[in-house]
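Reader: I'd like to poke around this model before I set anything up. Can you walk me through it?

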Amino acid sequence: MNAMGIIFTNDASLGELTNKRTMASLPFGGRYRQVDFALSNLSYAGIRHVGIISRHSYHSLMNHIGDGAEWGLELEEGGLEFLTPFAQSVTHTYRGKLESLSNAMDFLAYGADDELLVLQDSAILANLDLNDILNKHVASGKDITVVTKAGVCNSRKAIDLAIKTGEDGEVTDLLVDYAAPAEYAASMDVFVMNKKWMIQQVRELIARDKFHMDRDLVLGGWQRGKVSINVYPFEGQALYNDSVGEYYENSLSLIDRDVRHDVFHGNHPIYTKVRDRVPTYYGEECDVENCLVADGCVLEGEVEDSVLFRQVTVEAGAEVEHCIIMNDSVVGAGAELKYVILDKNVTVTPGAKVIGTKNNPIIVKRGETV
C-alpha cells in the first residue's frame, strides 16, 4: 500500500543549541543530524513522497539534506519537498501541526496513489520498521495508529500524549501535556492514518479553530467517539531529546555498543550526508578511553567518556571528560573540559577550564572562543 510522509522539524528550544537551527538539523551521534532518523525510516519503507515542514531557521537543514540522494530521495515535485508554513500560509500564523498541515494541502493532495500518511517528529529518535507499522495499522481497521514507548512516563516528565491501554490493547485513557504515571505509554510522535481521512479531519478541525494534533484530533476525537485509535508499542531504543539534559544524556549513551547498534542499525541503517574525511590521528601521548570518535580528528591529549564529531582537535595536555564536541572545534593545549557541550567551530584557548555538572552541562555557542 502506497504512503507519503511528513516530517516536522520541531521548534522546541534546547537553549543555545537550537537558537539558530531547528531540532531536525541538530547534530547528533558524531556524524548525524536528528532528521536523518525520520528520513531513513521513510526511505527504508519505500516512501519517496516526503514533505518537510519547518517554520524558520531551516537553511542549515536544507544544506544538510541537499537533493536527498543519500536517502534515496529526489528533491522535486512528487518527491522530497520543503514546506514552510509562513511562506504558504494566507494568515502567516502557525499554531500547531494541524495548522501547518492545513497550509500544506497542495502537497497532501498531490499523488492520488498515496493511500496512507505517516507523520514523524524530529525530537524523538528511533530506528523504526515503518513497513510493520503500516501493515499493523491497516490490519487494525482503526482511524489512526500511534507509535508508543513504555518506560518513559514517570510522573515527572511532561509528555505530549500519554496513552493507557487495557489487557486487550484497546485505549482506556489519554492524557495530553501531562506528567503521566508509569502505567501510561508515551507517544513517540509517529502517527499513521488514511490520507483522505486526515485531509478531511484537518479541514473540519481548522474550521472549528482547532489546531493541535494531540489535544484536538487524537484526544478530542477519541473522547467524542469520532476517532478510533490503534496503539503500536515500540520495543527498541527511543531517545527523547526534549531538553538539553536529555540530549546530553542520550548522546553519551551512544558510547554503549548495544545502544549504538540498536539506534543506528536496529531495523535498517541510518543514513546521513556523506562528508569523507581522513582517518582520525591519535598522537603518541594521547589517551582516549570509552569514546565515540568521528573521522578527521587530531587527538593528542586525554579524552574520556565523550562524543567527538568530525575534525575535532584536542591538543597535547588537554583533558576532556564527559563532553560532546561538535565539528571543527579546537581544545587548546592544557585546557580542561568536563560536562561540556561545544557547538561547531568553538575554540577553547590553551589552559582554559570549562566545568559543568552531569545535570547541568555547559553549552558553548557555535563559533565562540573561550
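Author: Here are some questions and answers on one lysine, two sheets and a cavity, and keep in mind that this is a predicted model.

Reader: Let's start with K157. Where in the fold is the place of K157?

Author: Look at the two strands around K157, β8 (144-149) and β9 (159-165). K157 belongs to neither stretch, and its place is the loop between β8 and β9.

Reader: Does K157 count as buried or exposed?

Author: The cut-off for buried is under 20% relative accessible area. K157 has 16% relative accessibility, so K157 counts as buried.

Reader: OK, and which side chain makes a polar contact with the side chain of K157?

Author: Among the residues that K157 touches, leaving out those up to four places away in sequence, are Y178, Y240, D242 and E246. For the polar contact, the distance is 2.9 Å, and the partner is the side chain of E246.

Reader: On to the sheets. In the open sheet that runs β15-β18-β21-β24-β27, which strands stand at the edges?

Author: The five strands of this sheet pair in parallel, and the twist averages 5 degrees from one strand to the next. An edge strand has a single partner, so one side of it is left without a neighbour in the sheet; that goes for β15 (287-289) and β27 (353-355).

Reader: Which residue in β27 stands opposite L337?

Author: Strand β24 covers residues 336-338, and three bridges join it to β27. These two strands run parallel. Opposite L337 stands V354.

Reader: There's another open sheet, β16-β19-β22-β25-β28. What is the bridge partner of I324 in β25?

Author: This sheet has five strands with parallel pairing, and its edge strands are β16 (292-293) and β28 (362-364). Inside that order, two bridges join β22 (residues 324-325) to β25 (residues 340-342). The partner of I324 is I341.

Reader: Now the empty space. What volume does the largest cavity have?

Author: Rolling a probe the size of a water molecule over the atoms shows where empty space is left. The structure holds one cavity of 30 Å³ or more. Its volume is about 80 Å³.

Reader: And which element gives the largest share of the lining of that cavity?

Author: The lining has 13 residues, with N41, Q120, D121, I124 and A126 nearest the centre. Two or more lining residues come from each of α1 (35-44), β7 (124-125) and β11 (185-194). The largest share is three residues, and it comes from α1.

Conventions: Residues are numbered from 1 along each chain as its sequence is written. This is a predicted model: local features need pLDDT of at least 70, side-chain atom pairs count only at pLDDT 80 or more; totals for chains, interfaces and linings use all residues. Side-chain values use heavy atoms; hydrogens and water are left out. Helices (H or I, at least four residues) and strands (E, at least two) are DSSP runs, numbered from the N terminus. Buried means under 20% relative accessible area, exposed over 50%, partly exposed in between (1.4 Å probe, protein chains only). A polar contact is a pair of N or O atoms within 3.5 Å; within protein, one must be able to donate a hydrogen and the other to accept it, and residues adjacent in sequence count only if both atoms are side-chain atoms. Contact means heavy atoms within 4.5 Å. Two strands pair if DSSP finds at least two bridges between them. Axes are lines fitted to C-alpha atoms, for helices over the stretch in contact, and angles run from 0 to 180 degrees between N-to-C directions. On a 1 Å grid over the protein atoms alone, a cavity is a set of points where a 1.4 Å probe fits but cannot get out, and a pocket is an open set with protein on both sides within 12 Å along at least five of seven lines; lining residues have an atom within 4 Å of a point. Grid points are joined across faces, edges and corners, and a volume is the space filled by probe spheres set on the points.
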